[in-house]
Amino acid sequence: MGRLNVAPTKSVQLNLKRDLDMATEGYNLLEQKREILVMEMMRLLARVQVVQKELTERREKAYRVLRMAIAQNGYMHLRNVASGVHYEHQVAVETTVTAGFRTPHIAANHSDFHSQYGFAGTDALVDATMQNFLEMMETIAALAEMETTVMLLARELKKTQRRVNALEHIFIPDYKATLHYIAESLESKELDSFFTSKMIKKRLEAAQEVPKQDS
């Protein structure tokens with residue numbers, strides 16, 4: 001714990017008290033922000049696990065159906081069908097404010113599902129394959145949003161924790177130590193002034209008593 005190199009005066013003491021009050025208030029606000037960030041991160045991490053499991057299940061289902069479609073229709077035939085399929089895809093990114101900083105909202109949008117090939121030479125497995133992979137894109141976008149938000153939350157939490165630590169272990173203790181030093185210095189000056197005035201008063205009283213004794 002250190003002490004600021006300042007003059008031990010009343011004006012400095014008042015300024016430091018004001019700064020210490022502001023620092024304490026800032027510390028309390030940062031502590032609240034830190035708690036909000038931690039709770040939000042824990043909530044998102046739990047959600048990430050759910051969506052990761054959902055994505056794994058959808059991916060396994062999509063590739064399982066794809067393998068069945070290939071076995072049923074033939075690899076080259078499905079490649080020819082796929083080469084003629086074109087879907088509009090858009091990734092929309094918006095931002096929201098969480099605990100004072102921006103987090104992304106990611107959505108993968110695609111046109112409504114419809115077959116772009118003739119029914120002859122294909123079966124329901126081809127439709128199911130396309131539908132499964134389109135749905136998997138939505139899950140990938142949701143997972144990307146949450147993982148990005150978790151990364152940003154972790155970065156903001158680390159920055160907030162550094163500020164909390166600086167206030168708690170450096171700034172506030174240094175200001176308290178300085179205020180204690182100033183209070184002791186001012187008290188010492190007041191005592192010196194008090195004793196000095198007492199001595200001067202006694203000397204004046206003694207000087208006034210001498211003529212009375214001579215008379």
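The secondary structure of the protein chain amounts to 3 helices and 2 strands, and along the sequence these elements follow the pattern α-α-β-β-α. The model is a predicted one, and within it buried residues account for 28% of the 215 residues in the chain.

Helix H1, which covers residues 10-73, is a convenient place to begin: its 64 residues reach 90 Å from the first C-alpha to the last, which is close to the 94 Å expected at 1.5 Å a residue. The residue that follows H1 is Gly 74, and its phi is positive, near 95°. On the surface, Val 38, Met 42 and Leu 45 form a nonpolar patch, with about 240 Å² of accessible area together. Of these residues, Val 38 is placed in helix H1, and with a relative accessibility of 30% Val 38 counts as partly exposed.

Charged side chains supply another set of contacts, and the structure holds 6 salt bridges. One of them joins Arg 18 to Asp 19, with the closest N and O atoms 3.7 Å apart; Arg 18 is partly exposed at a relative accessible area of 47%, and Asp 19, at 24%, is also classed as partly exposed. Another links Glu 31 with Arg 34, where the closest N and O atoms are 3.0 Å apart. Because Glu 31 and Arg 34 are 3 residues apart in helix H1, about one helical turn separates them. The two partners fall into separate classes of accessibility, since the cut-off for buried is under 20% relative accessible area: Glu 31, at 17%, counts as buried, while Arg 34, at 22%, counts as partly exposed.

A further salt bridge in H1 brings together the side chains of Glu 54 and Arg 58, at 3.8 Å from N to O, and these residues, being 4 residues apart in the helix, are likewise separated by about one helical turn. Glu 54 has a relative accessibility of 28% and counts as partly exposed; Arg 58 is partly exposed as well, with a relative accessible area of 28%. Beyond these pairs, Lys 33, Glu 156 and Lys 159 are linked in a network of salt bridges.

The aromatic side chains can be read in a similar way, for the structure holds 2 aromatic pairs. In the pair made by Tyr 63 and Phe 133, the ring centres are 5.2 Å apart and the planes stand at 80°, so the arrangement is edge-to-face. Since Tyr 63 belongs to helix H1 and Phe 133 to helix H3 (residues 124-214), this pair ties together parts that are 70 residues apart in sequence. Tyr 63 counts as partly exposed at 39% relative accessibility, and Phe 133 is partly exposed with a relative accessible area of 23%.

The rings of Phe 171 and Tyr 175, by contrast, have their centres 4.3 Å apart and their planes at 20°, so this pair is stacked. Both residues lie in helix H3, 4 residues apart, which is about one turn of the helix. Phe 171 counts as partly exposed at 30% relative accessibility, whereas Tyr 175, at 12%, counts as buried. One more aromatic ring has a charged neighbour: the charged end of Arg 3 sits over the ring of Tyr 181, 3.8 Å from the centre of that ring.

How values were computed:
Residues numbered from 1 in each chain as written. Heavy atoms only, no water. Expected span 1.5 Å × (residues − 1). Patch = residues over 30% accessible without salt bridge, like charges linked within 9 Å, V, L, I, M, F, W, Y side chains within 5 Å. Areas by Shrake-Rupley, 256 points an atom, 1.4 Å probe, with all protein chains shown as cover. Salt bridge = Lys/Arg side-chain N within 4 Å of Asp/Glu carboxyl O. Buried < 20%, exposed > 50% of the residue type's maximum accessible area, 1.4 Å probe, protein only. Phe/Tyr/Trp six-rings, centres within 6.5 Å; stacked < 30°, edge-to-face > 60°. Lys NZ or Arg CZ within 6 Å of the ring centre and 35° of its normal.
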